[in-house]
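Here is a short briefing on one protein model. It covers packing, one helix and one sheet.

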Amino acid sequence: DLMSDDQSSLPRDLQDKYLLTRRIGTGVCGEVRLAFERSTCRKFAVKIINKKNFQSEGTATRNAKTEIDILQRVDHPCLIKTEDFYQTEESFYIVLELMEGGELFHRVKSKQQLNESVAKLYFYQMLRAVEYLHSNGIIHRDLKPENILLSSQDDVCLIKVTDFNQSRILEEAVLMRTLCGTPSYLAPEVFTHASTTGYGLAVDAWSLGVLLFVCLGGYPPFHESFGHQSVTDQIIRGEFTMVQSKWTSVSDQAKDVVRKLLVVDPMKRMSIEEALQHPWLQDQKMLETAHRLMYPSAEGGGAAAAMEAESTSGRHLRKRGREGDGEEQH
Ligand SMILES: COc1ccc(CNC(=O)c2ccc3nccnc3c2)cc1
C-alpha cells in the first residue's frame with residue numbers, strides 16, 4: 001500500500017522533497033507517478049525513465065539527455081515544464097507539473113469525438129507549441145494523443161505537449177560543417193530538401209494533421225481495419241478514411257485543414273505558419289479563450305497583452321544551466 005510502497009530505490013534527495021505515490025501513466029521509456037511535495041503538499045507528476053529500457057547505452061542516455069535538455073530549456077504555456085530533475089545509476093527522475101486532465105487520448109476516447117469548437121481550441125494550442133519548438137530549431141517527431149496532456153477535466157482547458165525523447169535538435173551545425181568540406185563525395189540528398197530543416201519540420205505538421213483528425217473524427221485516419229492495405233501503405237499513399245457518419249457534423253473548413261496537412265509530399269504539405277493563418281482558425285472567440293488560458297497573467301487578457309507576453313518571453317529557450325557546456329548534446 002501507499003506507506004509501505006518501496007521508496008528505497010529512489011534518490012535520497014528526491015525522497016526528502018517528494019512523496020511518490022501511485023502510477024498515473026506509462027510510456028515506452030518508463031512510468032509517471034503522482035507525487036506530493038512534502039513541504040507544501042503540492043501535487044506533481046514524476047516521470048521515471050529507466051536507462052536499461054533502451055537497447056544500447058549510447059542511444060538511451062543520449063535520447064534521455066536530449067529530452068531532459070529540451071524539457072529544461074523550453075518555456076511556453078503549451079509545453080510541459082520541468083520542476084526538478086534527479087538521476088541514479090539506473091534511472092532519470094523528472095518532476096513535472098501535474099496535468100489534472102490526463103491524456104488527450106483518454107478524453108477523445110471517453111467522448112467518442114470532440115465537438116468542433118473544443119477540437120479547434122486544442123489544435124490551436126498544439127500549433128502554437130510546435131511553432132515555438134520549430135522557431136527554436138526543435139522537431140518533436142512523436143506527436144500523438146498520448147503526448148498531449150490536458151490541464152483540467154473541463155473541455156475549455158490548457159493543453160501541453162510532452163514527451164520530447166524522440167525530439168531532434170536540428171543538426172544544422174552538422175550540415176554546415178559538412179558543406180564546408182569537399183562536396184565531391186556527398187550524396188545528392190544532402191544538398192536537396194531532404195536534409196534541410198524545412199523537410200524535418202514538416203513531419204510535425206503531418207502528425208498535427210493526424211491529431212486533428214482523431215479529435216474531430218474520434219478514430220485514427222490510417223488503420224488496418226480500413227480496406228486491404230497495410231497502415232504503412234495507407235500512410236505512404238496518404239489514403240485516410242473519413243467515415244461518413246462521423247464527419248457529417250464537421251465543417252468543410254475543418255476538413256480542409258486536415259486535408260492540407262495529410263499531404264504526402266512534405267514540400268506541398270501545409271506548414272505550421274500556414275495552418276495558423278487558415279480561415280478555420282481566424283475565430284476571435286476561440287483566440288481570446290486560448291490567450292486567456294495561455295497568458296492568464298496578462299492584465300485585461302486582451303489580444304494586445306497576449307501578443308506582448310508572446311513577443312517577449314514567449315519566443316526563446318530558457319538559458320541553459322551552469323553545467324551546460326554550450327554545445328548541443330546529441
Ligand atoms: C490528483 O491525482 C491526479 C489527478 C489527475 C490525474 C490525471 N493526470 C494524468 O493521468 C497524467 C498522466 C501523465 C502526466 N504526465 C506529465 C504530467 N502530468 C500527467 C498527468 C492523475 C492524478
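The points below are grouped by topic.

This is a predicted model. Its largest nonpolar core has 76 residues. Helix α4 gives the most to this core. Five strands form an open sheet.

**Nonpolar cores**
- Within the 76-residue core, the residues with the most contacts are Leu104, Tyr122, Phe123, Met126 and Leu208.
- Helix α4, residues 116-135, supplies 12 residues to this core.
- A second core stands separate, with 11 residues. Leu20, Ala35, Tyr86 and Tyr93 are among them.
- Leaving aside residues up to four places away in sequence, Met126 touches Leu104, Ile148, Ile159, Leu208, Leu211 and Cys215.

**Helix α4**
- Of the 20 residues in α4, 17 are buried, so the helix is mostly covered by the under 20% relative accessible area cut-off.
- The span agrees with expectation: at 1.5 Å a residue, α4 should cover 28 Å, and its end C-alpha atoms are 28 Å apart.
- Gly137 comes just after α4 and takes a positive phi of about 70 degrees.

**The sheet**
- The strand order is β1-β2-β3-β5-β4, with antiparallel pairing.
- β1 (18-27) and β4 (82-87) are the edge strands, and each pairs on one side only.
- On average, neighbouring strands are turned by 25 degrees against each other, direction ignored.
- Seven bridges join β1 to β2 (residues 30-37) in the antiparallel sense.
- Thr26 has Glu31 of β2 as its bridge partner.

How values were computed:
Residues numbered from 1 in each chain as written. Predicted model: local features only at pLDDT ≥ 70, side-chain atom pairs only at ≥ 80, totals over all residues. Heavy atoms only, no water. Core = buried A, V, L, I, M, F, W, Y, C linked by side-chain atoms within 4.5 Å. Buried < 20%, exposed > 50% of the residue type's maximum accessible area, 1.4 Å probe, protein only. Helix = DSSP H or I, 4+ residues; strand = E, 2+ residues; numbered from the N terminus. Contact = heavy atoms within 4.5 Å. Expected span 1.5 Å × (residues − 1). Pairing = 2+ DSSP bridges. Axes fitted to C-alpha atoms, helices over the stretch in contact; angles between N-to-C directions.
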